[in-house]
Amino acid sequence: MEPIQKAEEGYVVVVDIEVDSVRPEPAGFTLQGRGADRAEYRLEMHLDIPVDRHTQTVLGEMLAQSEWRILRRAATPLRRARTAQKRKPVA
């Protein structure tokens with residue numbers, strides 16, 4: 001997979017996955033593959049529209065030859081509360 005030129009601000013790459021297998025499900029697909037970290041990953045894709053057998057077959061073949069890059073928005077560190085300004089004692 002080609003490296004990201006510049007990820008959208010605030011997003012970091014979690015994993016790049018090369019799909020090894022695709023299994024059709026009643027309402028979508030289950031994709032399995034390995035990441036660059038050699039860990040196994042499973043992605044479950046749900047479709048909200050009905051898909052006929054022919055379309056399901058074509059989509060399955062296309063997905064089986066795909067690579068996925070998963071990004072997430074990086075957690076931002078909490079800002080420390082400003083220290084209270086020194087106040088003059090009330091007389």
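Student: How many Å² does the protein chain expose, and what share of it do carbon and sulfur atoms supply?

Tutor: This is a predicted model, and the figures are computed from it. The protein chain exposes about 8500 Å². Carbon and sulfur atoms supply 51% of that area.

Student: What share of the residues counts as buried?

Tutor: A residue is called buried when its relative accessible area is under 20%. Of the 91 residues in the protein chain, 14% count as buried.

Student: Which helices and strands should I look for, and in what pattern along the sequence?

Tutor: Look for one helix and four strands. Reading along the sequence, you meet them in the pattern β-β-β-α-β.

Student: How do strands come together in a sheet, in general?

Tutor: They pair through backbone hydrogen bonds, and the pairing is either parallel or antiparallel.

Student: Which of these applies here, and in what order do the strands lie?

Tutor: The pairing is antiparallel, and the four strands form an open sheet in the order 3-2-1-4. Strand 3 (40-46) and strand 4 (67-73) are the edge strands, since each of them pairs on one side only. On average, neighbouring strands of this sheet are turned by 40° against each other, with direction ignored.

Student: How many bridges join strand 1 to strand 2, and which residue of strand 2 stands opposite V22?

Tutor: Strand 1 and strand 2 pair over eight bridges, in the antiparallel sense. Opposite V22 you will find L31 in strand 2. The connection between strand 1 and strand 2 is a hairpin through two residues.

Student: What about the pairing of strand 2 with strand 3?

Tutor: Strand 2 (residues 28-35) and strand 3 run antiparallel and are joined by seven bridges. To find one facing pair, take T30 and look across to E44 in strand 3. The loop between strand 2 and strand 3 contains R38.

Student: What is to be noted about the phi angle of R38?

Tutor: Its sign. Phi of R38 is near 70°, a positive value in a residue other than glycine. R38 also counts as exposed because its relative accessible area is 70%, and the cut-off for exposed is over 50%.

Student: Over how many bridges do strand 1 and strand 4 pair?

Tutor: Strand 1 and strand 4 pair over seven bridges, again in the antiparallel sense. Here D16 stands opposite R69 in strand 4. Strand 4 also holds W68. W68 and I17 are 51 residues apart in sequence, yet their C-alpha atoms are 5.1 Å apart in space.

Student: Is W68 buried, exposed or partly exposed?

Tutor: W68 is partly exposed, because its relative accessible area is 27%.

Student: What share of the contacts joins residues at least 24 apart in sequence?

Tutor: Count the contacts between residues at least 6 apart in sequence: 53% of them join residues at least 24 apart.

Student: Where does helix 1 lie with respect to the strands?

Tutor: Helix 1 (residues 53-64) lies across strand 1 (11-25), strand 2, strand 3 and strand 4. Its direction is at about 135° to strand 1.

Student: Is Q56 in helix 1 buried or exposed?

Tutor: Q56 is buried, because its relative accessible area is 16%. Leaving aside neighbours within four places in sequence, Q56 is in contact with P24, E25, G28, F29 and V51.

Student: Where is V51, and which residues does V51 touch?

Tutor: V51 lies in the loop between strand 3 and helix 1. Not counting residues up to four places away in sequence, V51 touches Q56 and L59. V51 and A27 are 24 residues apart in sequence, with 8.1 Å between their C-alpha atoms. V51 counts as partly exposed because its relative accessibility is 29%.

Student: Which residues make the nonpolar surface patch?

Tutor: V58, L59 and M62 make a nonpolar surface patch of about 240 Å². One of these residues, L59, lies in helix 1. At 30% relative accessibility, L59 counts as partly exposed.

Technical notes:
Residues numbered from 1 in each chain as written. Predicted model: local features only at pLDDT ≥ 70, side-chain atom pairs only at ≥ 80, totals over all residues. Heavy atoms only, no water. Pairing = 2+ DSSP bridges. Axes fitted to C-alpha atoms, helices over the stretch in contact; angles between N-to-C directions. Contact = heavy atoms within 4.5 Å. Patch = residues over 30% accessible without salt bridge, like charges linked within 9 Å, V, L, I, M, F, W, Y side chains within 5 Å. Areas by Shrake-Rupley, 256 points an atom, 1.4 Å probe, with all protein chains shown as cover. Salt bridge = Lys/Arg side-chain N within 4 Å of Asp/Glu carboxyl O. Buried < 20%, exposed > 50% of the residue type's maximum accessible area, 1.4 Å probe, protein only.
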